[in-house]
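Visitor: I am new to this structure and would like to look closely at a single part of it. Could you take me slowly through the sheet?

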Amino acid sequence: MAEKYRVALIGVGGMGIAYYHANCFVADERAELVACCDINREALDKFGDQFDIADRYEDADAMLGTVSPDVVVIGANETAHAPLTILAAKHAPKAILCEKPMGLTVDECIRAIAAIATTGVLYMPAFPKRYCAVHAETRRLAHEGELGRVASARIRQSRSPSSSHRLSF
């Protein structure tokens, strides 16, 4: 088998999205979890213990500089997405996966895109539900006026109350 992609995760507490990503990488024989980072030591140790990750950091720059991962997954608080994308791009991994949103302002997004372009790293913002059939149909109905004036929408696709996504019209 070819060499494994070395994966590092930033932001492993909070909503728990890092657990989803980690489980996906664990299930893929082409990937290896090599490091994790979070500013909350308790969350960091809980995550590291569950996935048997020895290299744990509270500082993303230190982790990226020491571990040099192939893939960086950013699941930290949304206020940190753009700054962490810029930081990760400076370390030139092969790929960066960043949870939504890319940034909180257009300026943040422009700076993140510039950092990505400078290094040529493959970047993927995680918008997994954008083209989901139920989301697309709801958006179509709203745009065609079938739902009246819509200011906001929330769609739940599972029995879990925390499993919902907001739509942009």
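Visitor: To begin with one pair of residues, which residue in strand 2 stands opposite Tyr-5?

Guide: The residue opposite Tyr-5 is Ala-31, in strand 2, where a strand is a DSSP run marked E of at least two residues, a helix is an H or I run of at least four, and both are numbered from the N terminus. Please keep in mind that this is a predicted model, in which local features need pLDDT of at least 70 and side-chain atom pairs count only at pLDDT 80 or more, while totals for chains, interfaces and linings use all residues. Residues are numbered from 1 along each chain as its sequence is written, and side-chain values use heavy atoms, with hydrogens and water left out.

Tyr-5 belongs to strand 1, which covers residues 5-10, and strand 1 runs parallel to strand 2, the two being joined by six bridges; strands count as paired if DSSP finds at least two bridges between them. Strand 1 also pairs in the parallel sense with strand 4, residues 71-74, here over four bridges, and within that pairing Val-7 has Val-71 of strand 4 as its bridge partner.

Strand 2 itself spans residues 31-37, and six of its seven residues are buried, so the strand is largely enclosed by the rest of the structure; buried here means under 20% relative accessible area, with over 50% called exposed and the range in between partly exposed (1.4 Å probe, protein chains only). Strand 2 runs parallel to strand 3 as well, and three bridges join them, with Cys-36 finding its bridge partner in Arg-56 of strand 3.

These pairings can now be placed in the whole sheet, which is open, has six strands in the order 3-2-1-4-5-6, and shows parallel pairing. Its edges are strand 3 (55-57) and strand 6 (122-126), each of which pairs on one side only, and from one strand to the next the twist averages 20°.

Helix 2, residues 41-50, packs on this sheet and touches strand 1, strand 2 and strand 3, touching being a contact of heavy atoms within 4.5 Å. The direction of helix 2 makes about 160° with that of strand 3, as judged from axes fitted to C-alpha atoms (for helices, over the stretch in contact), with angles running from 0 to 180 degrees between N-to-C directions.
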